[in-house]
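Thanks for sharing this one. Here are some notes to read alongside the model, with the contact between the chains taken before the fold of one chain.

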Protein chains: 4
Amino acid sequence: MRTLCVGRLALAVWFVALNAAAQPQPQPRARDLGVPFDGIPGPLNAITDVRGVEVGHSTIISGEGRLEVGVGPVRTGVTAVLPRGRQSIDPVFAGWFSLNGNGEMTGTTWVEESGFLDGPVMITNTHSVGVVRDAVIKWRIQQGPPDASGYWWSLPVVAETWDGYLNDTNGFHVKEQHVFEALSSARSGPVAEGSVGGGTGMVCHGFKGGIGTASRALGEKPGAYTVGVLVQANHGLQSQLRVAGVPVGTELIAANPSHRDTGSIIIIVATDAPLLPHQLKRLARRASLGLARNGATSGNTSGDIFIAFSTANPGVFGASRNVALTMTPNDRMNPLFDATVQAAEEAIINALVAGRTMTGVDNHTVIGLPHDKLREILKKYNRLVGR
Amino acid sequence: MRTLCVGRLALAVWFVALNAAAQPQPQPRARDLGVPFDGIPGPLNAITDVRGVEVGHSTIISGEGRLEVGVGPVRTGVTAVLPRGRQSIDPVFAGWFSLNGNGEMTGTTWVEESGFLDGPVMITNTHSVGVVRDAVIKWRIQQGPPDASGYWWSLPVVAETWDGYLNDTNGFHVKEQHVFEALSSARSGPVAEGSVGGGTGMVCHGFKGGIGTASRALGEKPGAYTVGVLVQANHGLQSQLRVAGVPVGTELIAANPSHRDTGSIIIIVATDAPLLPHQLKRLARRASLGLARNGATSGNTSGDIFIAFSTANPGVFGASRNVALTMTPNDRMNPLFDATVQAAEEAIINALVAGRTMTGVDNHTVIGLPHDKLREILKKYNRLVGR
Amino acid sequence: MRTLCVGRLALAVWFVALNAAAQPQPQPRARDLGVPFDGIPGPLNAITDVRGVEVGHSTIISGEGRLEVGVGPVRTGVTAVLPRGRQSIDPVFAGWFSLNGNGEMTGTTWVEESGFLDGPVMITNTHSVGVVRDAVIKWRIQQGPPDASGYWWSLPVVAETWDGYLNDTNGFHVKEQHVFEALSSARSGPVAEGSVGGGTGMVCHGFKGGIGTASRALGEKPGAYTVGVLVQANHGLQSQLRVAGVPVGTELIAANPSHRDTGSIIIIVATDAPLLPHQLKRLARRASLGLARNGATSGNTSGDIFIAFSTANPGVFGASRNVALTMTPNDRMNPLFDATVQAAEEAIINALVAGRTMTGVDNHTVIGLPHDKLREILKKYNRLVGR
Amino acid sequence: MRTLCVGRLALAVWFVALNAAAQPQPQPRARDLGVPFDGIPGPLNAITDVRGVEVGHSTIISGEGRLEVGVGPVRTGVTAVLPRGRQSIDPVFAGWFSLNGNGEMTGTTWVEESGFLDGPVMITNTHSVGVVRDAVIKWRIQQGPPDASGYWWSLPVVAETWDGYLNDTNGFHVKEQHVFEALSSARSGPVAEGSVGGGTGMVCHGFKGGIGTASRALGEKPGAYTVGVLVQANHGLQSQLRVAGVPVGTELIAANPSHRDTGSIIIIVATDAPLLPHQLKRLARRASLGLARNGATSGNTSGDIFIAFSTANPGVFGASRNVALTMTPNDRMNPLFDATVQAAEEAIINALVAGRTMTGVDNHTVIGLPHDKLREILKKYNRLVGR
């Protein structure tokens with residue numbers, strides 16, 4: 001019990017809140033390093049390019065050295081993605097897909113049944129899904145009485161990847177207040193990447209992973225829509241890593257000892273294209289293909305779970321009468337499929353490029369993907385863009 | 001080869017075409033016998049109460065006595081359900097569900113992916129699904145050039161149940177012309193039930209089964225919609241049969257030796273309520289509950305496959321731009337769920353009540369559910385309505 | 001904040017722990033009242049007839065009168081079903097099904113992917129799923145170090161139904177200790193039914209619902225297996241209620257004002273028959289048919305989610321090499337299907353029969369199904385067994 | 001009618017039967033050209049490296065010039081994959097997955113339900129699925145009486161891709177005898193690739209596609225298992241094509257006008273590893289990742305449907321009692337996942353490399369992927385292996 005109190009004290013001291021808006025991004029992203037990608041990104045190359053979407057992080061970092069369960073070291077957090085921002089509780093059409101279900105995304109049974117995502121998508125570590133879930137309900141209640149009839153309940157969507165290599169994950173360091181903070185700090189604008197929020201303690205293809213994002217802006221012909229992707233990347237073996245088709249993982253073997261593939265990836269796909277729930281499932285499934293372009297094979301221990309939502313068609317959920325909708329014909333979805341694959345591919349590489357070397361429990365150290373070496377290797381394979 | 005020719009000759013002689021419109025229905029239906037059901041049926045108490053829906057049957061009956069494969073006896077056929085009738089090739093939103101998948105319904109992968117049913121739903125015997133499928137494509141081509149670009153293909157929906165107890169099912173007696181006939185004879189209006197079309201050789205709960213139909217008309221408050229159901233009933237043990245909750249099967253054991261549960265049931269649910277594809281899956285799933293009310297437990301050898309479609313929202317499939325839709329809110333679906341369960345329950349009993357004793361291959365005889373005894377039993381359990 | 005402290009004090013005073021073994025069952029069950037059911041139950045007519053299965057409840061009841069969120073009245077709890085009992089952490093093969101997914105069952109993505117249920121199945125109220133989930137992980141950690149490698153995580157299965165009509169459900173009264181208690185108190189033997197554990201505040205078909213259980217013992221020919229079912233019943237309209245096929249709900253309309261169908265049902269199916277994961281999905285799906293026999297149509301607001309597991313084939317999950325299994329052929333599953341349908345049907349009626357009138361928040365009162373009237377109605381329809 | 005007769009005559013003259021064993025393979029495959037792939041192939045680098053698997057093709061080529069429906073030109077056929085060869089009708093465990101379901105694979109509802117694939121997997125053109133399906137039943141009947149009880153039916157697995165750009169696909173040129181031929185000619189040993197069997201008229205990433213195959217041989221540690229893949233590749237835009245991560249499609253734009261993505265791909269995964277049905281679904285899903293490595297994004301008009309089966313655990317299906325099985329633990333599946341991804345990636349490139357320029361209906365011409373240019377491009381990106 002004492003150690004828990006010390007743990008809390010440490011938290012109070014070390015607590016770091018990185019919300020999206022407050023965080024400048026001087027760090028280079030994958031494109032800045034000359035990695036080639038297909039398609040044209042939106043202005044921020046982030047999920048927040050989809051109008052209305054807001055992202056917030058609560059990052060919890062404290063302690064060093066040997067693991068003492070309940071004390072630390074702590075390298076974890078919570079990320080919140082709000083489809084219509086903090087000002088709206090209007091649900092969005094959604095669909096989901098599990099490429100390899102060694103993971104959790106609560107709330108999906110109702111997403112599947114209703115076709116709606118009602119509330120934010122939260123991402124945290126595996127053993128904190130519960131506290132985050134119930135806290136989302138509490139937060140919602142605090143926003144005001146849910147509905148006049150009193151007949152109200154909530155089935156929040158909370159996903160996770162496992163950070164136990166760097167974080168005292170069995171110490172349950174994510175608390176209600178971190179959830180509230182991630183939600184309250186949610187903003188449009190640039191999104192902090194790398195070791196922030198739920199991504200804090202994550203490892204991807206053997207290097208430091210975490211949060212990554214990217215977007216694609218479609219031209220006028222397919223409807224001037226935007227597709228945005230946010231990933232919490234904690235998956236993949238180093239040996240599998242391909243960047244822009246180049247076998248970067250094997251080229252870097254000397255630089256980094258390989259890890260087991262014990263990780264997972266959560267991918268959130270947002271769009272303003274008016275898609276119905278069954279069409280959003282199609283988008284969610286396409287996230288797999290972006291993942292695959294980077295070489296992953298979705299190992300047994302990977303929780304590779306994807307959700308896609310559309311911010312179009314507001315005001316549909318609570319209607320008391322028939323409602324009018326707009327729908328993109330199936331025949332016009334290909335540009336959206338391409339955009340999803342491309343943005344998922346880039347978001348993962350962005351998560352890697354944003355990763356900085358981190359030391360966590362028992363002095364486990366995970367190095368950030370070395371930018372210079374990445375550029376060298378791309379050059380070797382004639383794939384470096386610019387300079 | 002000779003026997004096949006004789007077979008064809010026999011077919012030509014015996015060939016019986018029973019289309020929906022031409023068929024008078026002097027026979028009593030379940031309600032006429034005093035079976036109580038929940039809910040209010042439409043004017044015809046048939047799937048054709050859903051405006052636009054047309055049904056056609058091609059019934060093939062020939063020969064008697066010992067089975068000679070390729071010759072007969074033949075007790076089979078084809079039933080066609082056209083969501084918008086013969087005059088329209090405009091696809092409808094649809095969803096499907098397999099309660100127990102020991103059966104075939106082709107085309108469902110595209111229904112699931114696209115959310116559309118493009119073309120009719122056909123029902124025949126298990127070993128004739130292929131010929132019916134390709135013939136639907138040929139029929140569609142014969143209606144006119146499919147599309148100007150030449151890039152066109154079709155993935156017809158064809159379902160089946162097994163009629164080998166009464167029919168020379170390995171003689172492949174269903175031919176292209178029967179498919180054309182079922183399609184061409186499709187009509188609105190009353191629907192022939194019992195041993196017609198695809199239902200010709202079917203057995204249900206140990207008695208003669210086949211085609212059955214029913215509908216529910218919703219009141220103004222839930223939107224004045226109609227739900228119609230058509231079944232090809234070939235499932236269930238006699239001992240399980242409940243009618244209006246009454247254990248009719250066990251009461252009739254003395255009257256009829258029990259059969260193995262080797263059958264299946266196809267259930268088609270039609271509605272004019274504007275439902276999206278994922279909502280139609282919900283409707284399809286409800287068909288299970290109607291089945292269950294009659295006592296079935298969906299045995300291992302049963303192909304219990306259901307499809308639901310909505311005739312609302314015409315002109316959506318082929319749109320070259322975003323299209324406007326109408327959607328029933330999830331919160332207003334309960335009356336549609338109730339209607340589906342009730343109509344499925346009644347359609348199955350209607351199939352049984354329409355069944356007349358039939359003798360088929362090797363003189364196998366299946367008796368029709370005895371109407372008098374059914375009334376007696378209902379009376380014994382205080383469930384007989386009227387008289 | 002003060003009210004929360006008072007709330008805790010109240011909890012400490014009022015806290016009632018009803019575990020399975022300690023609870024005598026003088027109350028009649030459905031069979032005792034003369035309700036007829038198909039099939040032969042096991043010795044306890046409970047899920048614990050499946051050897052190894054243990055059930056524990058933690059029941060939380062405190063306060064009366066007007067709702068003060070965070071204070072009470074409290075009418076809730078937690079139920080734990082441990083497939084191999086407290087002494088074993090060996091996972092079991094499992095499969096799940098959602099008839100209507102307006103509910104939560106965490107962990108199902110991994111059940112679907114892996115084919116295993118690893119840990120207990122927990123049931124609680126909708127807004128306490130999170131705390132129960134994380135507490136299951138903590139409890140597991142407390143049992144001993146998870147695995148030598150340190151690479152370990154857990155994806156607990158926690159389901160829920162909504163008790164806000166009787167319970168201060170937004171007061172979050174379920175705490176870690178209740179989860180530990182439900183788990184620690186789990187026993188084989190008779191299972192307490194009605195307003196206990198997760199079922200404390202539940203309403204079913206307009207009457208007091210909650211936990212119910214039943215079982216079926218198969219004869220020697222199908223393999224002498226047992227199927228056990230436990231439900232947390234909170235679903236259904238009164239007007240729909242059928243008992244043994246008799247329209248009890250409509251007959252009782254005068255006695256009880258009808259409620260909206262805002263509820264849900266969780267059904268757990270256990271068996272010792274050696275079934276593979278895909279076969280257990282078939283069993284889970286059959287629970288729908290038991291539900292339907294009692295008249296439910298699975299309304300839009302219902303979270304009707306079912307899970308089935310097999311206690312056969314121990315030691316399979318953690319194997320480091322290929323493992324030997326036993327499998328029941330599909331052709332021999334029909335008796336298991338029948339047993340599942342029958343036991344689910346009976347378990348729901350048992351939950352109703354065990355329900356006693358309860359008053360909760362804002363003096364909402366839900367009456368228990370009146371036993372005498374039930375018998376009268378069964379008699380009226382010639383369905384009363386015995387006396 | 002006359003044209004049909006002429007069509008048949010033409011068929012008789014032009015008819016070309018290419019069975020797997022008879023076909024020498026002097027043509028280079030992808031590896032022969034220096035394309036780098038991960039993993040170690042089996043001796044034949046073909047699906048037939050999985051012991052027992054046999055492959056047969058029936059190739060139908062006739063006519064030239066303008067399309068006359070029913071006459072030609074004809075560029076189509078049928079491919080048969082027999083999991084245990086022609087000598088065994090013993091079903092295999094199987095699972096399937098639809099990445100984008102604009103296509104047909106009959107029989108999957110029963111595969112999903114039962115966990116078994118009973119019979120061969122057939123592949124043909126879209127509009128010939130029906131004739132192939134029923135012919136498989138007839139072929140099976142001709143092998144001998146199905147079962148003594150007479151209670152027998154079959155639900156064949158038949159898949160397709162669309163060949164209407166080169167083939168008179170609405171002429172229905174696939175006949176029963178082609179099905180019998182594909183089945184009868186099935187052999188172990190090398191597998192003919194490119195424009196053979198069902199793959200005859202196919203187009204892939206803008207070049208001539210068709211049948212391709214590859215395999216991976218796992219080392220002793222993961223169990224010395226083999227994974228074999230066979231594809232009928234008719235999918236993808238040219239601009240998307242990546243070979244070994246190199247943007248070959250865009251590099252070749254000058255050499256070839258791009259086609260619309262109107263195609264599809266069927267992928268069959270075979271293994272001798274003892275996997276249960278739910279594990280085979282995991283394998284089937286991995287085929288998506290191989291597809292993605294080559295750049296495809298699975299367009300709306302693509303029928304990307306995959307099936308995986310295991311030849312282990314013979315004699316399970318028809319058992320009358322409980323049967324003993326072997327199962328690979330989930331924790332040991334990663335090498336099988338890798339192998340599936342790698343073999344699918346290579347099989348597609350093999351289909352492209354085997355493609356030879358073909359002219360079909362209306363003198364549509366599709367060029368074969370130019371081998372020299374492919375090598376040049378690989379060299380430009382430092383990815384050419386050898387020489």
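1. A good place to begin is the strand pairing across the two chains. In this predicted model, S13(A) pairs with strand S13 of chain B, residues 323–327, in the antiparallel sense, and five bridges hold the pairing. To find the register, look at Val323(A), which stands opposite Met327(B) in S13(B).

2. Next, the extent of the contact. Chain A brings 29 residues to it and chain B brings 29 residues. About 2,200 Å² is buried between chain A and chain B, and carbon and sulfur atoms give 47% of that area. On the side of chain A, the residues that lose the most area to chain B are Glu113(A), Asn322(A) and Met327(A); together they account for 26% of what that side buries.

3. Which residue of chain B meets Glu113(A) in a salt bridge? The partner is Arg282(B), with the side chains at 2.6 Å, N to O. Glu113(A) is thus worth a second look, as it is also among the residues of chain A that lose the most area to chain B. Across the interface of chain A and chain B, four salt bridges are found.

4. Polar contacts can be added to that picture: 15 residue pairs are in polar contact between chain A and chain B, counting pairs with both residues at pLDDT 80 or more. On chain A, the elements that give two or more residues to the side touching chain B are helix H2 (108–114), helix H6 (277–293) and strand S13 (323–327). Sorted by class, that side of chain A has 14 nonpolar, eight polar and seven charged residues.

5. Now to the fold of chain B. Here four strands form an open sheet with mixed pairing, in the order S1-S2-S5-S6. Its edge strands are S1 (54–62) and S6 (157–161) of chain B, each of which pairs on one side only. From one strand to the next, the twist averages 15°.

6. Within that sheet, strand S2 (residues 74–82) of chain B runs antiparallel to strand S5 (residues 121–125) of chain B, and three bridges join the two. Ala80(B) marks the register here, standing opposite Met122(B) in S5(B).

7. Finally, which helix packs on this sheet of chain B? Helix H4 (residues 176–184) of chain B does, touching S1, S2 and S5 of chain B. The direction of H4(B) makes about 145° with that of S1(B), the latter being one of the edge strands.

Conventions
Residues are numbered from 1 along each chain as its sequence is written. Chains are lettered from A and ligands numbered from 1 in the order in which they are written. This is a predicted model: local features need pLDDT of at least 70, side-chain atom pairs count only at pLDDT 80 or more; totals for chains, interfaces and linings use all residues. Side-chain values use heavy atoms; hydrogens and water are left out. Contact means heavy atoms within 4.5 Å. Buried area is the accessible area (1.4 Å probe) that two parts lose on being put together, summed over both. A polar contact is a pair of N or O atoms within 3.5 Å; within protein, one must be able to donate a hydrogen and the other to accept it, and residues adjacent in sequence count only if both atoms are side-chain atoms. Ala, Val, Leu, Ile, Met, Phe, Trp, Tyr, Cys and Pro count as nonpolar, Asp, Glu, Lys and Arg as charged, and the others, Gly among them, as polar. Two strands pair if DSSP finds at least two bridges between them. Axes are lines fitted to C-alpha atoms, for helices over the stretch in contact, and angles run from 0 to 180 degrees between N-to-C directions.
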